[in-house]
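Colleague: I am new to this structure and would be grateful for a guided reading of it. May I put some questions to you?

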Amino acid sequence: MEALYGRQIVMTKEDQDTLDCTYQSRRGLFIDSKITCQRCGSHFSKEIARLPTQDYYCPYCIQFGRITSQSYLVSQEEKENPPRLVTFTWQEMLTPAQQEVSCNVLSNFQQHKHSLIWAVTGSGKTEMIFAVLRYCLQNGGRAAIASPRIDVCRELYPRINEVFPKENTLLLYGNSNEIYRYNALTICTTHQLFHFYHAFDLLIIDEIDAFPYEGDKRLAFAQKNALKKNGKYVYLSATPPTHLLRSLKETFCIEKLPVRFHKRPLVVPQLIWYENWKYCYQSNWKIKKFIFYLKKLLQDNNVLVFCPSIYYMQKLYTKVGEFFHSSEIECVSAQDKYREEKVQRMRKGEYRILFCTTILERGVTFDHISVIIMGANHNIFSKSVLVQIAGRVDRKGAYHYGQVLFFYNQQTQAIGEACDEIKRMNRLAKESLFV
Ligand SMILES: [Zn+2]
């Protein structure tokens, strides 16, 4: 019964009796003075979780189907698969810096160690996991690449398919059309990991620092359950937060790649004091400074303007509209149903200025771009977000004088740490290029 390999399916006692295969079964909820959910790891009191039947349920993972005190989590350990041939068609070359990281990650895996790839934005992370993926599959192993964001999964899927054309890769996310089937290579959102149990020999988690992954204990629990007992993780991040690095120090090998694909350093943000940034849309006098810098950046590149909220973005967009032709400027947020289309048009250079919220902080590449952050001191802009946004500039191709401006009216720890990290990575890059 392949469909059960490495899965955990919620069943009642009666459902289980109809199964005609061997299986393992655990209680869905562990009940003591408190209740612990075996699927999401949440602890909670009996009072909040009592059903009219006097049974209990877990309110914290109900989006994956209700699990009650009558439920069992049914799974089956996969049998060991023999080594096999894996078709791998990637023919491009890694840069020497990428090659080093790729080899290290592979050898960590062979020595049963976890890895974190800490690679700056624009360094080509995906190519560096091909070797370890291939090795895992060739040895009969099962692998998954999970990301907290659907967009990333969708973008990754065709690339992985192209490189491993015979793997029949499975793409899973909430509301995806694909129905689960047992296979060796899966790409999924981190939320899909709740359905797996001791499934993967290799579990690659992209953007380990991104929302909604960061800080969600349930996802961390699901991720642990999804890995086989001797399975190994490869984490990917351009901006691992300090607390994460600290927690991985003992158990993970940290592989740093400070050099971008094109070998130019990361663009260091320019900090520009802007007393009135918060209300700059209120008058021509207050907006003057913004327009001055915007026009300066536009001489070389198109401009992305990151705003701390949708409300603010719309106000600013309307005000700036008085100074530019309407066909040149646009705004986009997560709530925008034309989001994809607008991003595409910006990519083609049809707009000169795109106002946005943090939705474009990662995963998107534009040519010929500079960025401005309005209110870099706002608490929505954490160190990671600031580094990610700065990383949108000068990602590939020829050099176009892309710039990064942080407008702020208060110094914050995040601003200081973001600038320090960018400079530190540039120093490391310089050293590694001269070795
Ligand atoms: Zn739960």
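The conversation below takes up the metal site, the sheet, the helices, the strands and some loop residues in turn.

Colleague: What kind of model is this, and which residues supply the protein donors of the zinc ion?

Modeller: This is a predicted model. The donor atoms lie 2.3 to 2.4 Å from the zinc ion, and each is an SG atom. They follow the spacing C-x2-C-x17-C-x2-C along the chain. The residues are Cys 37, Cys 40, Cys 58 and Cys 61.

Colleague: What is the arrangement of the four donor atoms around the zinc ion?

Modeller: The angles that the four donor atoms subtend run from 107 to 114°. Four donors count as tetrahedral if all angles lie between 85 and 135 degrees. The arrangement is therefore tetrahedral.

Colleague: Is Cys 37 buried or exposed, and is Cys 40 buried or exposed?

Modeller: A residue counts as buried under 20% relative accessible area. Cys 37 has a relative accessibility of 0%, so it counts as buried. Cys 40 has 2%, and therefore it too counts as buried.

Colleague: In the open sheet of six strands, which are the edge strands?

Modeller: The strands follow the order β14-β19-β18-β15-β17-β16, with parallel pairing. An edge strand pairs on one side only, and this applies to β14 (270-273) and β16 (329-332). From one strand to the next the twist averages 20°. The edge strands are thus β14 and β16.

Colleague: What is the bridge partner of Val 305 in β17?

Modeller: Strand β15 (residues 302-306) runs parallel to strand β17 (residues 353-356), and four bridges join them. The partner of Val 305 in β17 is Phe 355.

Colleague: What angles do the directions of helices α8 and α9 make with that of β16?

Modeller: Helix α8 (residues 310-320) packs on the sheet and touches β15, β16, β17 and β18 (369-374). Helix α9 (residues 339-347) also packs on the sheet, touching β15, β16, β17 and β18. With the direction of β16, that of α8 makes about 175°, and that of α9 makes about 140°.

Colleague: Which residues of α9 are buried, and within what arc around the axis do they lie?

Modeller: In α9, the buried residues are Lys 342, Val 343 and Met 346. They are on the same side of α9, because the arc they cover around the axis is only 100°. Among the elements covering them are β15, β16, β17 and β18. The arc asked for is 100°.

Colleague: Why do the buried residues of helix α3 line one face of the helix?

Modeller: Phe 130, Val 132, Leu 133, Cys 136 and Leu 137 are buried in α3 (residues 130-138). Seen down the axis of α3, these residues fall within one arc, so they line one face of the helix. They pack against α2 (96-110), β8 (143-147), α4 (150-163), β10 (185-189) and β11 (200-205). The arc that accounts for the single face is 170°.

Colleague: Which residue takes a positive phi just after α3, and which just after α9?

Modeller: Phi is about 80° at the residue in question just after α3. Just after α9, the value is likewise positive, about 80°. The residue after α3 is Gly 140, and the residue after α9 is Gly 349.

Colleague: How many of the 11 residues of strand β12 are buried, and what is the bridge partner of Ile 117 there?

Modeller: Strand β12 (residues 227-237) is largely enclosed by the rest of the structure, because nine of its 11 residues are buried. Strand β7 (residues 114-119) pairs with β12 in the parallel sense over four bridges, and β11 pairs with β12 in the parallel sense over five. The number buried is nine, and the partner of Ile 117 is Leu 236.

Colleague: Is Tyr 401 buried or exposed?

Modeller: Tyr 401 lies in the loop between α10 (383-390) and β19 (404-408). Its phi is positive, about 60°, although it is not a glycine. Its relative accessibility is 52%, so Tyr 401 counts as exposed.

Colleague: Which residues does Leu 19 touch, not counting those up to four places away in sequence?

Modeller: Leu 19 is in the loop between α1 (13-17) and β2 (24-27). At 16% relative accessibility, Leu 19 counts as buried. Its C-alpha atom is separated by 9.4 Å from that of Met 1, 18 residues apart along the chain. The residues touched are Met 1, Met 11 and Val 74.

Technical notes
Residues are numbered from 1 along each chain as its sequence is written. This is a predicted model: local features need pLDDT of at least 70, side-chain atom pairs count only at pLDDT 80 or more; totals for chains, interfaces and linings use all residues. Side-chain values use heavy atoms; hydrogens and water are left out. Donors are N, O and S atoms within 2.8 Å of the metal (3.2 Å for Na, K and Ca); water is not among the atoms, so sites may look incomplete. Four donors count as tetrahedral if all angles lie between 85 and 135 degrees; four count as square planar and six as octahedral if opposite donors are over 155 degrees apart and all others between 65 and 115; anything else is irregular. Buried means under 20% relative accessible area, exposed over 50%, partly exposed in between (1.4 Å probe, protein chains only). Two strands pair if DSSP finds at least two bridges between them. Helices (H or I, at least four residues) and strands (E, at least two) are DSSP runs, numbered from the N terminus. Axes are lines fitted to C-alpha atoms, for helices over the stretch in contact, and angles run from 0 to 180 degrees between N-to-C directions. Contact means heavy atoms within 4.5 Å. The arc is that of the directions from the helix axis to the C-beta atoms.
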